[in-house]
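Welcome! Take a moment to turn the structure around on your screen, and then let us walk through its parts together.

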Amino acid sequence: MRLKGAFIALLAVTTMASASCAANVPGHPGPGLTPVDISSLKTGPYRAEPTAYDPDISSVADLRTVEAQRLFNYLVHSYEIDSDITVLGGVKIFYDVDTMVQPEAFPEKYRAAAADNNLLLGVYVSRINTSLRSRKKLIISVLRFPTDAASRKAAEDFDRITNLDPGRHPIAIEGQPDARASSSDDITGVAFVAHGPYVIMVNAGIPEPNQTGLADIIGRTINKQTARLDRTQPTPLDDVLDLPLDPDSLMRRTLPRAADFSDPFILDWDFGSYQPAGELHFERNPAEVAKALDENGVDLVARRSSIVYRARDLSAAFRLQSVLVKPGKDDEVLDPPPGLPDARCLKLDNSDVYRLFNTLCAVVYGRYVAVVQSSKTSNARVDVALDERAAAQYSVLVKSEK
């Protein structure tokens, strides 16, 4: 009887504990996820439910921006040419001549060539290496014109304008007889080559004068970029709206712009869905992230006020999260937001050059990893806005599955 009574007592305790745990699990946590009570999360002014992505596309510039976003998926990455060149200097979309001609992209002297040949749109990414003593750089831009003839004329005009500067000499690019490349010091070189309706621009820099080495890096970049462009066809602008703007409703799982205007960025031209290759142009450590995206089956990424990655499964999502928030040498690991023990957060030593954030958190739910960002100016370890964004984003992911 004594043994039977002990068993009944143990059963009662176990049943009560199970009921207590069940009461704290709203949502649908999967294996490996710590249960979260989303009703207790503090989401501040941020939308904590899925929102439809319905951008206002009402102008030619809007259509060109959407097509330029798609072009990012086919732009070569600098680390594919030189694994040292990974530090982001600038990432841009052009939807007219005015957006192309700016001090941190194409100088004013190129305006007439772009305008005379009716530039439609383009993309541009610049990166450097980490060494100040042995500087390398690689800028790659692809510009689209209305016709093949217009792109050939634009390449000629760009090259002619470049060579108005005194002391420049041509550089031969092996295997690319139509490439118009030149340098003044054999340390930096600029090349233009037409490929279909596109003009590829490569601006490369190496540590010491070496014309052969400079020609090699330019040539390898052009070869890879022409091959990449051969995998796509330019979308007629009249047909851009026939393309899905939110494939598989991934944009619906992202945060919209904040109602209190507290987003750590001003421009939103990058809002949209990208293939993994397109997203890499925005990443801090693109080569490492590229490997993680591939190994974990990421097939689609959505950029809005947050960034959502769709991985193969929950385990893959957690592995990807570890890479996305891997701290750099001088970065600081932050505590997870209240109520989100699986979240991982960082304060960066250097702010992002495009979105200007210096703190980020990555949350995982199901097969999705979502990254939110903020800009913290104080020395406090807690970034309230970041915590609230993470809580809102987690809630969005949970409610998206209902």
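In what order do the seven strands of the open sheet lie? They follow the order β1-β2-β3-β7-β6-β5-β4, and their pairing is antiparallel. Please keep in mind that this is a predicted model. Its pLDDT averages 91 over the protein.

**The open sheet**

- Two strands stand at the edges of the sheet, β1 (87-94) and β4 (169-171). Each has a single partner strand, so one side of each is left without a neighbour in the sheet.
- On average, neighbouring strands here are turned by 15 degrees against each other, if direction is ignored.
- For a look at one pairing, find β3 (residues 137-144) and β7 (residues 198-205), which run antiparallel and are joined by eight bridges. One residue to look for is I140, whose bridge partner in β7 is V202.

**A helix packed on the sheet**

- Helix α2 packs on this sheet and touches β1, β2 (121-128), β3 and β7. The direction of α2 makes about 45 degrees with that of β2.
- The 13 residues of α2 (residues 60-72) reach 19 Å from the first C-alpha to the last, which is close to the 18 Å expected at 1.5 Å a residue.
- Is α2 largely enclosed or not enclosed by the rest of the structure? It is largely enclosed, because ten of its 13 residues are buried.
- The buried residues of α2 include L63, V66, L71 and F72, and also R64, E67 and R70.

**The nonpolar cores**

- The largest nonpolar core has 60 residues. Those with the most contacts inside it are Y309, L320, L340, V363, V369 and Y394.
- Several elements give two or more residues to this core, among them the helices α9 (286-295), α10 (314-324) and α11 (384-400), as well as the strands β13 (359-365) and β14 (368-374).
- Which element gives the most to this core? That is α11, with eight residues.
- L340 is a good residue to click on: leaving aside neighbours within four places in sequence, L340 is in contact with V36, L41, V363, A390, A391 and Y394.
- There is also a second, separate core of 42 residues, which includes L121, A179, A181 and L214.

**How confident the prediction is**

- Of the residues, 92% score a pLDDT of at least 70.
- Over residues 1-28, pLDDT stays under 50. For this stretch the model has ten contacts beyond four places in sequence.

Methods: Residues numbered from 1 in each chain as written. Predicted model: local features only at pLDDT ≥ 70, side-chain atom pairs only at ≥ 80, totals over all residues. Heavy atoms only, no water. Core = buried A, V, L, I, M, F, W, Y, C linked by side-chain atoms within 4.5 Å. Buried < 20%, exposed > 50% of the residue type's maximum accessible area, 1.4 Å probe, protein only. Helix = DSSP H or I, 4+ residues; strand = E, 2+ residues; numbered from the N terminus. Contact = heavy atoms within 4.5 Å. pLDDT = per-residue confidence, 0-100. Expected span 1.5 Å × (residues − 1). Pairing = 2+ DSSP bridges. Axes fitted to C-alpha atoms, helices over the stretch in contact; angles between N-to-C directions.
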